[in-house]
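Please brief me on this structure. Start with the sheets and what packs on them, then cover the pocket and the backbone exceptions.

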Amino acid sequence: MFKNFNFHLWANEYFYRPKPTQKLVSIILLPLSLLYAFIIILKKFFIRPKDFGIKIISVGNLILGGSGKTPLCIAIANEFQGGVIILRGYKRTSKGLVKVCENGKILVDVSQSGDEAMEYAKCVKNANVIVCEKRELAIAEAKKMGARYILLDDGFGKFHINKFDILIKPADEPSSNFTIPSGIYRYPKYFYKFADFIALQNVTHFRKSEILQPTNKMVLLTAIANPMRLSQHFDATITQYFYPDHYAFKKAELEEILQKHEATSLLVTQKDLVKIENFELPLSIITLKTTLSDEFKALLSQALL
C-alpha cells in the first residue's frame, strides 16, 4: 500500500528519531561525514563571491529533503514583482539553459523544465523562470530579460555568487548535528551563521494548507522529498503511495491505483500536479499558501534597494 514507504519511514527515524541500530550506523559512517564536511568547508572558504551587478536573493536550507523552499520562493516572487526565478531544474530531460516561462507565458513542457520550475511558472503571477546547471549563465540571461532582481531556489551552496542568503530552519530539529551520511545536514550546522537571514515558519512566514476538490475515497500519491510533511492529510485518505523525489508518473500506473482501491480521486501536491494534470484523471489537490510577515517583507524590501 505504501510504495517506498519503508525507506521513507526508516530515513525519517534515522535522521530525527533513531533507534539504537540506526545510531550505530550513524557512528560507523561518521568518517565519511567528517570528510564530506571538510570538503564543503574548503569550498566555502576558498571561493571568492562575485558581484553580478544585480540584486540576488537566495532561498536555501542546510538539510536534505523538503523544507518549504518552493512555497516561500513563490510567496516572495508574488510579493515583489519583476524578479526572475533561477533553479537547476532537477530531473528535467533537457540540458543547459532553458527559459521555462517569460512574463507568464510558458515556453516548454514539464519534461523540459522539471516539476519545480513548472510549479513556479504556474503559481507566480507573470512568472519569469529559467533553469540552468550553471547559475551564472542564467543570471546573465535574466539581466538580458530586464530582471529587477534574481531569486535563486536552493542557491546557498553557490558560494561564487554574491547574494542575500535566506536559510530556512526546520521546525523539527534533527537528532544529530552531523553532515551526511551520518546526519541530515548538507552543510555543517554552524553555517547558519553565514546566512543573511534565517527564516522560521510561523515567525517570518505562515503556511496554510487545504484540499481542493476533496472526495470521499482519496488516495494520497506524491513524489516529494519528504512525504511525511503531508502526514496531516493521511487520515483523509484510504491509503498512500510515496515515490522518489521528482518521479515521472505514468498514466497507466495511476489508473491502476484508482481501480485497485476503487478510489474517487488521487490526492496530490501542486508539485505532483504539474506532471499529471493532462492525464484527465480525478484529482484532489493539496494547496499550500505561504504568507510573509510584515517584518520579513520590510527586510526583503531593504535587500532589494
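The briefing below goes through the fold by topic.

The model is predicted. One open sheet has 8 strands, and another open sheet has 5 strands. Both show mixed pairing. Helix H7 lies across strands of the sheet that holds E2, while helix H8 packs on the sheet that holds E10.

**The 8-strand sheet**

- The strand order is E4-E3-E5-E2-E6-E1-E7-E8, in an open sheet with mixed pairing.
- Strand E4 (105-106) and E8 are the edge strands, and each pairs on one side only.
- Strand E2 (residues 83-87) runs parallel to E5, and 3 bridges join the two.
- Within the sheet, Ile86 stands opposite Ile130 in E5.
- Helix H7 (residues 135-144) lies across five strands: E1 (56-60), E2, E3 (98-102), E5 and E6 (149-153).
- The direction of H7 is at about 160° to E2.

**The 5-strand sheet**

- Here the order is E9-E13-E12-E10-E11, again open and with mixed pairing.
- The edges are strand E9 (205-212) and strand E11 (237-242), each of which pairs on one side only.
- From one strand to the next, the twist averages 25°.
- Helix H8 (residues 251-261) packs on this sheet and touches strand E10 (218-222), E11 and E12.
- The direction of H8 makes about 150° with that of E11.

**Pairing along the 5-strand sheet**

- E9 and E13 are antiparallel partners, paired over 8 bridges.
- Arg207 stands opposite Thr290 in E13.
- Strand E12 (residues 265-269) and strand E13 (residues 283-292) pair in the parallel sense, over 4 bridges.
- In E13, Leu283 faces Leu266 across the pairing, and Ser284 stands opposite Leu267.
- E10 and E12 run parallel and are joined by 3 bridges.
- Leu267 in E12 also stands opposite Leu220.
- E10 and E11 run parallel too, with 5 bridges between them.
- Leu221 stands opposite Tyr241 in E11.

**Burial of strands and a helix**

- Which way do the side chains of E10 point? Met218, Leu220 and Thr222 point one way, Val219 and Leu221 point the other way, and all are buried.
- Side chains in a regular strand alternate between the two faces of the sheet.
- E10 is largely enclosed by the rest of the structure, because 5 of its 5 residues are buried.
- E13 is mostly covered, with 7 of its 10 residues buried.
- Helix H6 (residues 115-123) has 7 of its 9 residues buried, so the rest of the structure largely encloses this helix.
- The buried residues of H6 are Asp115, Glu116, Ala117, Met118, Glu119, Tyr120 and Ala121.

**The second largest pocket**

- This pocket has a volume of about 220 Å³.
- Its lining has 14 residues, and the closest to the centre are Lys91, Val110, Ser111, Ala248 and Lys275.
- How does the lining of the second largest pocket divide by class? There are 6 nonpolar, 4 polar and 4 charged residues.

**Backbone exceptions**

- Most residues other than glycine have a negative phi, and most peptide bonds are trans.
- Asn126 has a positive phi, near 50°, and is not a glycine.
- Asn126 is found in the loop between H6 and strand E5 (129-131).
- Is Asn126 buried or partly exposed? Its relative accessibility is 45%, so Asn126 counts as partly exposed.
- His246 also has a positive phi, of about 70°, although it is not a glycine.
- His246 is found in the loop between E11 and H8.
- His246 has 10% relative accessibility, and therefore counts as buried; the cut-off for buried is under 20%.
- Which residues does the cis peptide bond join? The bond is between Ile180 and Pro181, with omega about 5°.
- Pro181 is found in the loop between strand E7 (164-169) and strand E8 (197-200).

How values were computed
Residues are numbered from 1 along each chain as its sequence is written. This is a predicted model: local features need pLDDT of at least 70, side-chain atom pairs count only at pLDDT 80 or more; totals for chains, interfaces and linings use all residues. Side-chain values use heavy atoms; hydrogens and water are left out. Buried means under 20% relative accessible area, exposed over 50%, partly exposed in between (1.4 Å probe, protein chains only). Two strands pair if DSSP finds at least two bridges between them. Axes are lines fitted to C-alpha atoms, for helices over the stretch in contact, and angles run from 0 to 180 degrees between N-to-C directions. Contact means heavy atoms within 4.5 Å. On a 1 Å grid over the protein atoms alone, a cavity is a set of points where a 1.4 Å probe fits but cannot get out, and a pocket is an open set with protein on both sides within 12 Å along at least five of seven lines; lining residues have an atom within 4 Å of a point. Grid points are joined across faces, edges and corners, and a volume is the space filled by probe spheres set on the points. Ala, Val, Leu, Ile, Met, Phe, Trp, Tyr, Cys and Pro count as nonpolar, Asp, Glu, Lys and Arg as charged, and the others, Gly among them, as polar.
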